[in-house]
Amino acid sequence: MKRGIILKSSREIEVMRAAGRVVHQVLEQVRAAARPGMTTAQLNDEAERLIAEAGGVALFKGVEAPRARFPFPAALCTSVNEEVVHGVPGDRVLLSGDVLSVDCGVKLNGYCGDSAVTLPIGPITEPNQKLLQVTQETLELAIAEIRPGRRWSEIARQMQEYVERHGFTVVREFVGHGIGQEMHEDPKVPNYYDRFQARSDFELRPGLVLAIEPMVNMGTCDVEYKDLDFWTVVTRDRRWSAHFEHTVAVTEQGAAVLTGGT
Ligand code: MG
Ligand code: MG
């Protein structure tokens with residue numbers, strides 16, 4: 001986060017698309033494998049194998065965070081139910097009715113891709129289906145609104161309005177980010193709008209590549225750490241949460257999704 005916004009050439013964007021393709025494959029593999037009775041560690045093991053086979057580097061592994069007790073130990077963040085983001089894979093067994101957010105970042109040939117989906121484990125309740133659907137639609141809405149010359153705050157405002165119209169809330173403490181040779185670059189990409197956020201607003205320009213990642217809660221937007229390891233983030237009221245993310249390049253024509261499997 002030192003160098004300011006770094007625009008990417010179309011050649012660089014194609015290299016990022018290759019990294020994004022690996023992320024997409026990992027998430028599709030997890031989607032196919034995730035079912036009641038599996039542990040989040042088993043899903044992570046499969047993801048690590050696939051990333052290594054593809055010649056990629058698992059970006060999350062070894063990441064340090066200011067208060068965290070240990071570097072992040074896995075390739076995936078697996079966040080179940082009331083867990084919002086940064087869940088550490090382990091021996092938790094997935095149950096029918098759970099919702100599992102899976103976040104994956106891969107570096108390939110020096111460039112990064114970052115994407116997340118929230119998956120139903122077996123049949124889930126109708127309110128939870130709605131939560132997943134609205135969160136995914138909020139990401140899709142943002143992507144559809146991208147074009148050069150717009151300001152991010154206009155899109156963030158629409159994302160927030162869409163979420164709140166459905167009775168849900170947008171997480172403030174965690175936001176999207178620029179991405180390129182580093183997983184986290186400038187700018188910060190919030191999914192809500194307020195006058196403080198307006199100070200760091202930015203204009204969409206061709207070559208800007210963003211990881212857009214709405215985190216949507218059923219109840220309060222407030223979050224906290226689950227344990228004293230200071231990794232897993234949970235909702236303060238322990239109601240459930242969903243998360244979807246794509247790495248998206250701004251082009252002359254609009255948006256190019258780099259983690260969409262194309
Ligand atoms: Mg991510
Ligand atoms: Mg991200």
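Here are some short exercises on this structure, each with a worked solution.

The model is predicted, and local features need pLDDT of at least 70, side-chain atom pairs count only at pLDDT 80 or more, while totals for chains, interfaces and linings use all residues. Residues are numbered from 1 along each chain as its sequence is written, chains are lettered from A and ligands numbered from 1 in the order in which they are written, and side-chain values use heavy atoms, with hydrogens and water left out.

**Exercise 1. The first metal site**

Find which residues coordinate the magnesium ion (ligand 1), and how the donor residues are spaced in sequence.

*Step 1.* Look for donors, that is, N, O and S atoms within 2.8 Å of the metal (3.2 Å for Na, K and Ca); water is not among the atoms, so sites may look incomplete.
*Step 2.* You get Asp103 (OD), listed twice, along with Asp114 (OD) and Glu245 (OE), at 2.0 to 2.6 Å.
*Step 3.* Along the chain, that gives the spacing D-x10-D-x130-E.
*Step 4.* Now see where two of these sit: aspartate 114 is in strand 5 (residues 111-120) and glutamate 245 is in the loop between strand 13 (241-243) and strand 14 (246-250), 131 residues apart. Helices (H or I, at least four residues) and strands (E, at least two) are DSSP runs, numbered from the N terminus.

**Exercise 2. The second metal site**

Work out which protein donors hold the magnesium ion (ligand 2), and which residue bridges it and the magnesium ion (ligand 1).

*Step 1.* The donors are Asp114 (OD), His177 (NE2), Glu213 (OE) and Glu245 (OE), lying 2.1 to 2.3 Å from the ion.
*Step 2.* Their spacing reads D-x62-H-x35-E-x31-E.
*Step 3.* The bridge is aspartate 114, and the two ions lie 3.1 Å apart.
*Step 4.* Check burial (buried is under 20% relative accessible area, exposed over 50%, partly exposed in between, with a 1.4 Å probe and protein chains only). Aspartate 114 has 2%, so it is buried; glutamate 245 at 1% counts as buried, and so does glutamate 213 at 7%.

**Exercise 3. Two packed helices**

Describe how helix 1 and helix 2 pack, and what kinds of residues make the contact.

*Step 1.* Two packed helices are described by the angle between their axes and the distance between the axes.
*Step 2.* For helix 1 (residues 10-33) and helix 2 (residues 40-53), the angle is about 145 degrees and the axes are 10 Å apart. Axes are lines fitted to C-alpha atoms, for helices over the stretch in contact, and angles run from 0 to 180 degrees between N-to-C directions.
*Step 3.* Contact means heavy atoms within 4.5 Å. Helix 1 brings Gln25, Val26, Gln29, Val30 and Ala33, and helix 2 brings Leu43, Glu46, Ala47, Leu50 and Ile51.
*Step 4.* Sort them: seven are nonpolar, two polar and one charged. Here Ala, Val, Leu, Ile, Met, Phe, Trp, Tyr, Cys and Pro count as nonpolar, Asp, Glu, Lys and Arg as charged, and the others, Gly among them, as polar.

**Exercise 4. Aromatic pairs**

How many aromatic pairs are there, and why is the pair of phenylalanine 72 and tryptophan 231 either stacked or edge-to-face?

*Step 1.* The structure holds three. Rings of Phe, Tyr and Trp (its six-membered ring) pair if their centres lie within 6.5 Å; planes under 30 degrees apart count as stacked, over 60 as edge-to-face and the rest as tilted.
*Step 2.* Phenylalanine 72 and tryptophan 231 have ring centres 5.1 Å apart and planes at 80 degrees, so they are edge-to-face.
*Step 3.* Compare tryptophan 152 and phenylalanine 202: with 6.2 Å centre to centre and 0 degrees between the planes, this pair is stacked.
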